[in-house]
Amino acid sequence: MAFYLAKRLGGMLLVLVLVSLLSFGIIWLVPGDPTSAFLDASATAEQATRLRHELGLDQPLWQQMVAWYGRLLHGDLGRSILLRRSVSVAILERLPVTLSLTALALAFAGLVGVAAGTLAATLQNRWPDQAIMAAALLGLSVPDFWLGLMLILLFAVQLGFVPTGGFVPFGESPSGWFRSIALPAATLALVQVGFIARMTRAAVLDVLHQDFIRTAAAKGLGRARVILCHALPNAAVPILTVVGIVAGAMLGGAVIVEQVFSIPGVGRLIVGAVLSRDYPVIQGGLLFLAAIYLTVNLAVDLLYAVADPRVRLE
Amino acid sequence: MRRRTFGTLAASAALTAAAPRLAASQPRRGGDAVVAIVQPPPSLDAQITTAQAARDITLHIYETLYARDENARPVPELATGVTVSGDGKTYVFPIRDGVKFHNGKPLDSADVVASLERYRKIGGSAALLAAVDTVRASGTHEVTITLKSVQSTFLDNLSSPRAPIAIYPASEAAKPANQIEFIGTGPFRFVEYKPDSHVKIARYDGYSPNPGATGRDGFAGKKEALLDTVTFRFMTEAGPRNAALEAGEVHLVESVDGPVAKRMGANKSYTVYKALPFGFQVIKFNHAFGVTGDVNFRLAVQSALDMEEIMSLSFPDIYQMDGAWVYPGSPFHTSQGTERYNKTDAAAAKALLAKSAYKGEELTFITDPLRSDVDTATMVQEQLKAIGVTVKISVADWPTVSKIGFTPTGWHFWTHGFGIEPYEGPASVMAPWVGGASQQKADAEVDRLYAALNAELDETKRKAIFAQFQARFYEQAIAMKAGNYGNFQVATARLKGFTPYRIPRMWGVWLDQA
């Protein structure tokens, strides 16, 4: 187990180095720099050069790269050009927003998706199964930005249940927090529910055709107990895999949802940084998201052993 | 071909408010007005950025020595006036006494000198003060500026809202770009900036109004803050912005599309404002790259295009057909050269094309993703196809496009708006073309005319120079102007006292009881 963990952590480190190199290389290859956020089209090249110097962007690329990695080794992701604060602080300020959004969405998608998938499997080829699978396909096909807009129109503009956007911190008002996060989380979740439901259905169906399920039914166990206590736990590994993938996808989806709902999360931070070429935020943000994604993957792999004692992590 | 002409614009030269419902209610203090703006500001250090999103906010917090009035003319703001020496090179500005910054510090000449010196070093549009030789405090409330040479536009420059020459406390003016505390003398003080979310400002109760001002007047005049606070929410997506207004969470949306304005205008709960003209739609040629360097080709394109079709599709319901390179109503407005504007003469275009170096190659039109810019590029592409010119449209984000567009290769056409330049006046319209900065190859005549305009103090002669510049633009098709576009702004009917201008001014504005 310890060896497995060390091997995985080493692999994660390697991936993070590659991500940092890639993010550094790509953003410096893309035309434009942060001066375009400060200056409009009528700015002269001289003005842009002066501002570039003022912002410290006129140093050679290799010098900037060495300085960035030097800081990184000390745990410093650099300082945002536009936000007047360190990148770590900028990310940490927004992390609770994105984490609460994805956690709520994941909990919703996981619960509804697994329940719907299990129900569909137990009622295979009957109308509830077909209805659930049709709804799942619909959910998978709907773009999240469109779904978000429709939910805003219905629940915020027409019914007035929730605000159209913005974010209220939990510490400020727990009910305000829930109202501000409910619609974005639902948007993020609804797109993924279908995926989890379909994969759960397939996993549960596989298990339902196993001998031990027939044996459990033959010894007189109730249908519900067979499903919940025997079929579902044995289908946990593939479901866990799907939930892990969905957690990663939600981090990506949060970028769009945060834009639509004007939520100040990590996704919006990175989108804004890309549009304004705030290099330190792009580099730091991508590295941070990659680290979260890798951690989620590692956590899922470790959970395999918990979900299925036959799995040995070596 | 239909062609509309616009003679003069009434008293408000730059902007018109179309059919706002008259405020029947009395001004009242209090409330928090929420304004949805389309982009976050890159900085609230007003001096270093020319971004509209920053101006929207900073011009509530900071003030300048001179500011533009409703007709965009420079008038005193923190200065009480100016005395100009006989040779036109020395300007003495008495500074208003009794003005206090938001931190309580009284304004004096040291603050003004430090702010101007900072701007000369790191100002977002430092060229505005390029003619300045020295700036010194000639009294505790008097500043003397000497110029290297006569500059007829010096007060225009000093009052420019482009990257405002904001007056900071000297202690803040000593700080590097984007590192200051946001302390000004304006009618609102800075409260908080939540990145990716909003900026909040609050009424400054210690505000010292300009004693000479009687009413709201551009960026100058009477600035009476009635609202307790104003929150500028950054809402980049149009749909959620409009939804927030309809849900009552936002009181004013800075910019909405024509169809949305039409729909909301039919509802008594909203007031639709029409800021027109708000900018020019400009189509640039790259004179340093391929066939767009050939004047016959550029003239062929100029002859071929139906500008009204371009404007009506790019800016439905909110455009003006006008070929002049300043806004209608400006003293510099002239029809010189405009006989070549919006001709849509395919035969003449084909004849000019035949004389040009064009050999059927594919040309590149760069544009940012803004719908109106993409629509303009698409219309040009279609219209040029009719005379046998092949155009490929290349869409990229603003930083990419602006980087490519200021390099001499990789593009033939580029379209975007010119908003602040025509507002500022003729020198600002001319400046981007000096030295070939925008067209990538200098035009000696344009450079000469720009220098002449700057050195000429007689307004009649300056008008003649600008007319020559405009004629040169059409004769050489240095760039093309498609027309004037406007901007729809929509507010809840509860928001009273609002009139559109270059920024959503929130002084003199109040919220009626719900």
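In the predicted model, two salt bridges are found across the interface of chain B and chain A. In one salt bridge, the side chains of A:Arg277 and B:Asp397 come together, with an N to O distance of 2.7 Å. Eight residue pairs in polar contact are also found across this interface, both residues of each pair being at pLDDT 80 or more. On chain B, the side that touches chain A draws two or more residues from each of α2 (109-122), β12 (229-234), α5 (238-246), α11 (398-405) and α12 (420-424). Sorted by class, this side of chain B consists of 22 nonpolar, 14 polar and eleven charged residues.

The contact involves 42 residues from chain A and 47 residues from chain B. Between the two chains an area of about 3,500 Å² is buried, and carbon and sulfur atoms contribute 51% of this area. Of the area that chain B buries against chain A, 16% comes from B:Asn178, B:Asp196 and B:Pro399, more than from any other three residues.

Two residues already named have an unusual backbone setting. Most residues other than glycine have a negative phi. In A:Arg277, the salt-bridge partner of B:Asp397, phi is positive, near 55°, although the residue is not a glycine. A:Arg277 is placed in the loop between α12 and α13 (279-307) of chain A. With a relative accessible area of 4%, A:Arg277 is buried, because buried means under 20%. On the other chain, B:Asn178 likewise is not a glycine and has a positive phi, of about 65°. B:Asn178 belongs to the loop between α4 (170-173) and β8 (188-194) of chain B. The relative accessible area of B:Asn178 is 1%, and this residue is buried too.

Two of the helices that give residues to the chain B side of the interface, α11 and α5, were examined for burial. In α11(B), the buried residues are B:Pro399, B:Thr400, B:Val401, B:Ser402 and B:Gly405. These buried residues pack against elements of both chains: α2 (35-38) and α12 (266-276) of chain A, and β16 (362-367) and β18 (413-418) of chain B. B:Pro399 is thus listed among the buried residues of α11(B) and is also one of the three residues that together supply 16% of the area that chain B buries against chain A. In α5(B), buried positions are B:Pro240, B:Arg241, B:Asn242, B:Ala243, B:Ala244 and B:Leu245. Just after α5(B), B:Gly248 adopts a positive phi of about 85°.

Chain B as a whole contains 15 helices and 21 strands. Its radius of gyration is 23 Å, close to the 24 Å given by the globule rule for 514 residues, so chain B is as compact as a globular protein of that length. The C-alpha trace of chain B spans about 70 × 60 × 40 Å along its principal axes. Of the 514 residues of chain B, 60% count as buried. Among contacts in chain B with a separation of 6 or more, 75% are between residues 24 or more positions apart.

Chain B also has a cis peptide bond. Most peptide bonds are trans. The bond from B:Leu276 to B:Pro277 is cis, with omega near 5°. B:Pro277 is located in strand β14 (residues 270-285) of chain B.

How values were computed:
Residues numbered from 1 in each chain as written. Chains lettered and ligands numbered in written order. Heavy atoms only, no water. Contact = heavy atoms within 4.5 Å. Buried area = accessible area lost by both parts, 1.4 Å probe. Salt bridge = Lys/Arg side-chain N within 4 Å of Asp/Glu carboxyl O. Polar contact = N/O pair within 3.5 Å; in protein donor to acceptor, adjacent residues only side chain to side chain. Helix = DSSP H or I, 4+ residues; strand = E, 2+ residues; numbered from the N terminus. Nonpolar A, V, L, I, M, F, W, Y, C, P; charged D, E, K, R; others polar. Rg over C-alpha atoms; globule rule 2.2 N^0.38 Å. Buried < 20%, exposed > 50% of the residue type's maximum accessible area, 1.4 Å probe, protein only.
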